[in-house]
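Good morning, and thank you for coming. Please look at the sequence and the structure on the screen before I begin.

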Amino acid sequence: MRFEREKDIERENKAIEAFLKPFNGTYDKLGCNDIDFKIYDDTGKTLAFVEVKGRLRNMQDAFPLPVSVKKLIKLIDKKINPIIIWACFDGLIYSEVKHLKGELRVGGRKPRDGSSNDIELMAYFDKEVSGNIKFIKY
C-alpha cells in the first residue's frame with residue numbers, strides 16, 4: 001500500500017528544486033518503488049541520485065536524521081553520487097551518503113494498517129558524528 005500523499009510529493013519537488021537551484025541542474029522523478037530522483041547537469045550528464053525524506057520539523061530540531069536502511073541500500077546501489085536530503089519546514093539538510101556516520105537500530109513510525117515497513121531497521125545520523133552535512137534555508 002502506498003502512503004505518499006500529494007503534499008509529500010509537493011515537499012519532494014520543492015526540495016529538489018531548491019537543491020538544484022545553485023547548480024542549474026535538472027531532474028527526473030523515478031518510479032514509485034525506486035528512490036526519488038536522478039539529477040543531471042546542463043549537458044544531460046547524470047550527476048547523482050537523490051532520495052528526499054520529509055522531516056516535519058525545523059532544521060534546528062531535525063536531528064537525529066532518520067532514514068530506512070532499505071532506502072539507503074537502494075540509493076547506494078545506484079553508484080553515482082548517492083545523496084540524501086531531509087526536507088524540513090524551513091530548509092534542507094543534505095549529504096552525500098558516503099560522508100554519513102550513524103547508528104543503526106530498529107525504529108520507524110507508529111504502525112499503520114496495511115503497512116509492512118513502518119517498523120524496520122533504521123539509520124540515525126547526528127551532525128556531530130557525520131561529516132559534511134550541509135544546509136540550505138528556504
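I will speak about the sheets, then the aromatic rings, the nonpolar patch and the salt bridges. Please keep in mind that this is a predicted model.

I begin with the sheets. As general background, strands of a sheet pair through backbone hydrogen bonds, either parallel or antiparallel. One sheet in this model is open and consists of six strands, in the order β1-β2-β3-β5-β6-β9, with mixed pairing. At its edges stand β1, residues 26–29, and β9, residues 134–137; each has a single partner strand, so one side of each is left without a neighbour in the sheet. From one strand to the next, the twist averages 30°.

Let us follow the edge strand β1 to its partner. β1 and β2, the latter covering residues 37–40, run antiparallel and are joined by four bridges. Within this pairing, Tyr-27 has Ile-39 in β2 as its bridge partner.

There is also a second sheet. Three strands form this open sheet, in the order β4-β8-β7, and the pairing is antiparallel. Its edge strands are β4 and β7, each of which pairs on one side only. Ignoring direction, neighbouring strands here are turned by 35° against each other on average.

How many bridges join β4 to β8? There are four, between β8 and the β4 residues 65–68. Two residues of β4 may serve as examples: Val-67 stands opposite Ala-123 in β8, and Ser-68 has Met-122 in β8 as its bridge partner. On the other side of the sheet order, β7 and β8 pair over seven bridges, again in the antiparallel sense. As for cover, β8 is mostly covered, with five of its seven residues buried.

Just before β4 comes a loop from β3, and Pro-64 is found in that loop. Pro-64 is partly exposed, at a relative accessible area of 30%. Pro-64 and Gly-102 are 38 residues apart in sequence, yet their C-alpha atoms are 9.0 Å apart in space.

I turn now to the aromatic rings. A pair of aromatic rings is described by the distance of the centres and the angle of the planes. A search of the whole structure finds five aromatic pairs. One of them involves Tyr-27 and Phe-37: the ring centres are 5.2 Å apart and the planes stand at 90°, so this pair is edge-to-face. Since Tyr-27 lies in β1 and Phe-37 in β2, the pair ties together parts that are ten residues apart in sequence. Are these two residues buried or partly exposed? Tyr-27 is partly exposed, with a relative accessible area of 27%, whereas Phe-37 is buried, at 0%. Elsewhere, Phe-19, Phe-23 and Tyr-94 form one aromatic cluster.

Next, the surface. Which residues form a nonpolar patch there? They are Leu-104, Val-106, Ile-119 and Leu-121, and together they have about 390 Å² of accessible area. Two strands, β7 (102–108) and β8 (119–125), each supply at least two residues of this patch. Leu-121 belongs to β8, and Val-106 stands opposite Leu-121. Why does Leu-121 count as partly exposed? Its relative accessibility is 41%, and partly exposed covers the range between buried, under 20%, and exposed, over 50%.

Finally, the salt bridges, of which a search of the whole structure finds eleven. I shall describe three of them.

The side chains of Asp-8 and Arg-11 form a salt bridge at 2.7 Å, N to O. Both residues are in helix α1, residues 6–20, and because they are three residues apart, about one helical turn separates them. Asp-8 is buried, with a relative accessible area of 13%, while Arg-11 is partly exposed, at 23%.

Lys-71 and Glu-51 form another salt bridge, with their closest N and O atoms 3.9 Å apart. This pair links distant parts of the chain, 20 residues apart: Lys-71 is in helix α2, residues 69–76, and Glu-51 is in strand β3. Glu-51 is buried, with a relative accessible area of 2%.

The third joins the side chains of Arg-105 and Glu-103, at 2.9 Å from N to O. Here Arg-105 is partly exposed, at 36% relative accessible area, and Glu-103 is partly exposed, at 43%. In addition, salt bridges that share partners join Arg-5, Asp-8 and Arg-11 into one network.

That concludes my presentation, and I thank you for your attention.

Definitions and conventions:
Residues numbered from 1 in each chain as written. Predicted model: local features only at pLDDT ≥ 70, side-chain atom pairs only at ≥ 80, totals over all residues. Heavy atoms only, no water. Patch = residues over 30% accessible without salt bridge, like charges linked within 9 Å, V, L, I, M, F, W, Y side chains within 5 Å. Areas by Shrake-Rupley, 256 points an atom, 1.4 Å probe, with all protein chains shown as cover. Salt bridge = Lys/Arg side-chain N within 4 Å of Asp/Glu carboxyl O. Buried < 20%, exposed > 50% of the residue type's maximum accessible area, 1.4 Å probe, protein only. Pairing = 2+ DSSP bridges. Axes fitted to C-alpha atoms, helices over the stretch in contact; angles between N-to-C directions. Phe/Tyr/Trp six-rings, centres within 6.5 Å; stacked < 30°, edge-to-face > 60°.
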